[in-house]
There are 2 protein chains.
Amino acid sequence: MKGKLYGIGVGPGDPELLTIKAAKILKNADIIICPKGKKGADSIALQIAREYINPRAKIKPQVFPMVFCQETLESHWNENLEEIKFDMDNGRTIAFITLGDPLLYSTYIYMLKVLKEKGYDIETVPGITSFSATASTVNLPLAEGDETLTILPLVKEDEPVEKVLRTADNIVVLKVSHDPKGLAAKLRKYGLEKNFVMISKCGHGDENITSDIGDLEEKEIPYLSTIIIKKGGQFHV
Amino acid sequence: MKGKLYGIGVGPGDPELLTIKAAKILKNADIIICPKGKKGADSIALQIAREYINPRAKIKPQVFPMVFCQETLESHWNENLEEIKFDMDNGRTIAFITLGDPLLYSTYIYMLKVLKEKGYDIETVPGITSFSATASTVNLPLAEGDETLTILPLVKEDEPVEKVLRTADNIVVLKVSHDPKGLAAKLRKYGLEKNFVMISKCGHGDENITSDIGDLEEKEIPYLSTIIIKKGGQFHV
């Protein structure tokens, strides 16, 4: 009998933001796949989920390098995929843990697509997104009434970012560390330099909150940083 | 000593999609505020959360009418607000439960704003959104790579909806029951009639999934319906 793969969102940082469903599955899975950016690095998703994992489960870190070389990416991805397929073919229950929600910008999506096509049994368990947690931390509404909310992974090119700044009512910027200075310049250009809040490492021990555009312009921005921009008004936290 | 208000997201339907944090708070709260659309109606949020609520807690339904008359709204809201303030002034711990995430289009936002301004102690606990749960149910990515995702509460006017259909890569439409026929016409206009999936009552006993534009044009659409539109390709579920 073939096994089953669960894609589990563990949320952005606070272990209590896992769902009850996620915790139940982690308690019963044979194998936990935890993605990380490079060999030797810690898996942040594993740190968040660790207390819920069955002590007898086998923890398998898999490297998903954060590089732009398609060949390197695919070679790692396919190796990871083969490992998962092997365990599923041997009837194992596998939990693939991801930060935030598994279907928003995660490496799990690639695995899901290939395995779904091959007829494997897969179930995705949604997770708390970084922007919901960020909004809750500062008690700031993401969107109200007829307003729109646009999620934008930050890129270096001007036009895609400016298009969103022009058209959306509320904006969540992910992957801020890709180009914080460029984003700061665009916020100034559109008069939004006082209309944002950024949280770095939301729910982690070294969480940091700022509404100061100077921080975007001058400071080192950690990888796990999320910005909420509200056109509706200036605010300070 | 003044009490504390927790705004708790209970997710879209499946009780197992509550977070561990939400369940802990519900277990210890003195008072549970559950919003509903009209007197006599069931509170859907209460149905989802009920198993986690302390049996000794006092459950207080509050009516937040779904009408467009500002005066009727504000009179109900202010009455509800006075009830919450009274209990907080008496040192009670209150959990205000909302469907999905409390900071995305919920009635809790109004309470939060007023009580925050008056210096009350408030903590928001994020919840799984209807669109994350919908995507998980059908194993469909919400957004990948550099793609954007825009959340749009459906309105009857053409231009705000068409602007989003033109500019976003992936779109979540909430409040579909406001104008399903109008939305269907716009999907056809932009060649997106095969690029969507709709879930009604996600995680409830009578959940329904469709990718058939005819259903939007001809059938009665329940209040709790969410659509995911992906420009990237046709798909069937």
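1. A good place to start in this predicted model is the contact between the two chains: 100% of the interface residues of chain B are also interface residues in chain A, so the copies meet through the same surface. On the count of contacts, 42 residues of chain B touch 42 residues of chain A.

2. Which elements build that side of chain B? Two or more residues each come from helix H1 (20-28), helix H4 (108-117), strand S5 (121-125), helix H5 (130-137), strand S6 (149-153) and helix H6 (158-167) of chain B. Of these, S6(B) gives the most, with 5 residues. Sorted by class, the side of chain B that touches chain A has 26 nonpolar, 9 polar and 7 charged residues.

3. The symmetry is worth a look with both chains displayed. A turn of 180° with a shift of 0.0 Å along the axis lays chain B on chain A, with an RMSD of 0.0 Å. That is the relation of a two-fold axis.

4. You may enjoy strand S6 here. Strand S6 (residues 149-153) of chain A and S6(B) run antiparallel and are joined by 3 bridges. Within this pairing, Thr150(A) has Thr150(B) as its bridge partner.

5. Now to helix H5 of chain B: is it mostly covered or mostly open? H5(B) is mostly covered, with 8 of its 8 residues buried. The buried residues are Ser130(B), Phe131(B), Ser132(B), Ala133(B), Thr134(B), Ala135(B), Ser136(B) and Thr137(B).

6. What covers them comes from both chains. The cover includes strand S5 (121-125) of chain A, together with strand S7 (170-174), strand S8 (196-200) and strand S10 (225-230) of chain B. After the helix, please also check the backbone at Asn139(B), which follows H5(B) and has a positive phi, near 50°.

7. Strand S5 of chain A, part of the cover over H5(B), also belongs to an open sheet of 5 strands in the order S3-S2-S4-S1-S5 (chain A), with parallel pairing. Strand S3 (58-63) and S5 of chain A stand at the edges and have a single partner strand each, so one side of each is left without a neighbour in the sheet. On average, neighbouring strands of this sheet are turned by 20° against each other, direction ignored.

8. A last detail concerns the S3 edge of that sheet. Strand S2 (residues 31-36) of chain A pairs with S3(A) in the parallel sense over 6 bridges. One of the residues to pick out is Lys36(A), whose bridge partner in S3(A) is Val63(A).

Technical notes: Residues are numbered from 1 along each chain as its sequence is written. Chains are lettered from A and ligands numbered from 1 in the order in which they are written. This is a predicted model: local features need pLDDT of at least 70, side-chain atom pairs count only at pLDDT 80 or more; totals for chains, interfaces and linings use all residues. Copies are superposed by least squares on the C-alpha atoms of residues with pLDDT of at least 70 in both. Two residues are in contact if their C-beta atoms, placed from the backbone, lie within 7 Å. Helices (H or I, at least four residues) and strands (E, at least two) are DSSP runs, numbered from the N terminus. Ala, Val, Leu, Ile, Met, Phe, Trp, Tyr, Cys and Pro count as nonpolar, Asp, Glu, Lys and Arg as charged, and the others, Gly among them, as polar. Two strands pair if DSSP finds at least two bridges between them. A residue is buried if 20 or more other C-beta atoms lie within 10 Å of its own, exposed if 12 or fewer, and partly exposed in between; C-beta atoms are placed from the backbone. Axes are lines fitted to C-alpha atoms, for helices over the stretch in contact, and angles run from 0 to 180 degrees between N-to-C directions.
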